[in-house]
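Take a moment with the chain before reading on. This report goes from one residue to its strand, then to the sheets and the whole chain.

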Amino acid sequence: SREGGILNFTVGQSDNGGNAYLVTFMRNTNIDITSGGNKGMTFNEINVVTDMKPLGIVRRRGGTLSIDQTLAENEGCALIVQSPQQGAIITAAYCPA
């Protein structure tokens, strides 16, 4: 859920818990290609990652994460919880609108 600039995520229980990250991205952007075989072309790209911020550890029992995050007009974000030692992704969710 979203309350003003605060994003609230509920993370369920897991076998080992994991590390939480907030990934921010541009929803849509045009990239001008300046070299190579596609030189002179413009590519329209979606969900271009601009930042990945570690939030801390999510325990095995799960819980709620509250994040103070404001987004620009063309920006989006997602929460990712990853198993320890850069293991598998346990869960991921787009930030609430």
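## A cysteine in strand 6

Cys77 lies in strand 6, which spans residues 75-82. The model is a predicted one. Is Cys77 buried or exposed? Its relative accessibility is 2%, and the limit for buried is under 20%, so Cys77 counts as buried.

What surrounds Cys77? Set aside its neighbours within four places in sequence. Cys77 is then in contact with Leu7, Leu22, Val23, Thr24, Phe25, Leu71, Tyr94 and Cys95. Ser66 makes a useful distance check. Ser66 and Cys77 are eleven residues apart in sequence, and their C-alpha atoms are 14 Å apart in space.

## The four-stranded sheet

Strand 6 belongs to an open sheet of four strands. The order is 4-3-6-7, and the pairing is antiparallel. Strand 4 (42-58) and strand 7 (89-94) are the edge strands, since each pairs on one side only. On average, neighbouring strands of this sheet are turned by 20° against each other, with direction ignored. Strands of a sheet pair through backbone hydrogen bonds, and the pairing can be parallel or antiparallel.

Now go through the pairs. Strand 3 and strand 4 run antiparallel and are joined by 14 bridges. In one of these places, Asn19 has Ile57 of strand 4 as its bridge partner. Strand 3 also pairs with strand 6, in the antiparallel sense, over eight bridges. Here Tyr21 has Ile80 of strand 6 as its bridge partner. Strand 6 is joined to strand 7 by five bridges, and these two also run antiparallel. Ile80 appears again here: it stands opposite Ala92 in strand 7. Ile80 is thus tied to Tyr21 and to Ala92.

## A threonine in strand 3

Thr29 lies in strand 3, which covers residues 18-32. Is Thr29 buried or exposed? Its relative accessibility is 16%, so Thr29 counts as buried. The limit that decides this is 20%.

Which residues does Thr29 touch? Leave out residues up to four places away in sequence. Thr29 then touches Phe43, Asn44, Glu45 and Val48. Strand 4 spans residues 42-58, and 14 bridges join it to strand 3.

## The three-stranded sheet

A second sheet is open too, and three strands form it. They come in the order 1-2-5, with antiparallel pairing. Strand 1 (2-3) and strand 5 are at the edges, each pairing on one side only. Two bridges join strand 1 to strand 2, which holds residues 6-11. Glu3 stands opposite Ile6 in strand 2.

Thr64 is found in strand 5, residues 63-68. Is Thr64 buried or exposed? Thr64 counts as exposed because its relative accessibility is 55%, and exposed means over 50%. Beyond its neighbours within four places in sequence, Thr64 is in contact with Phe9 and Thr10. Val11 shows how sequence and space can part ways. Thr64 and Val11 are 53 residues apart in sequence, but 6.0 Å apart in space, C-alpha to C-alpha.

## A glutamine in a loop

Gln69 sits in the loop between strand 5 and strand 6. Is this loop residue buried or exposed? Gln69 has a relative accessible area of 11%, so it is buried.

Which residues meet Gln69? Apart from neighbours within four places in sequence, its contacts are Arg2, Gly5, Leu7, Leu22, Thr24 and Lys53. Lys53 does more than touch. The side chains of Gln69 and Lys53 are joined by a polar contact of 3.4 Å. Leu7, Leu22 and Thr24 are also among the contacts of Cys77.

## The whole chain

Step back now. How many helices and strands are in the chain? There are zero helices and seven strands. Along the sequence, the pattern reads β-β-β-β-β-β-β.

The chain has a radius of gyration of 16 Å, whereas a compact globule of 97 residues would have one near 13 Å. Its C-alpha atoms fill a box of roughly 50 × 35 × 15 Å along the principal axes. Of the 97 residues, 29% count as buried. The chain exposes about 6,500 Å², with carbon and sulfur atoms supplying 47% of it. Take the contacts between residues at least 6 apart in sequence. Of these, 70% join residues at least 24 apart.

Terms used: Residues numbered from 1 in each chain as written. Predicted model: local features only at pLDDT ≥ 70, side-chain atom pairs only at ≥ 80, totals over all residues. Heavy atoms only, no water. Buried < 20%, exposed > 50% of the residue type's maximum accessible area, 1.4 Å probe, protein only. Contact = heavy atoms within 4.5 Å. Pairing = 2+ DSSP bridges. Polar contact = N/O pair within 3.5 Å; in protein donor to acceptor, adjacent residues only side chain to side chain. Axes fitted to C-alpha atoms, helices over the stretch in contact; angles between N-to-C directions. Rg over C-alpha atoms; globule rule 2.2 N^0.38 Å. Areas by Shrake-Rupley, 256 points an atom, 1.4 Å probe, with all protein chains shown as cover.
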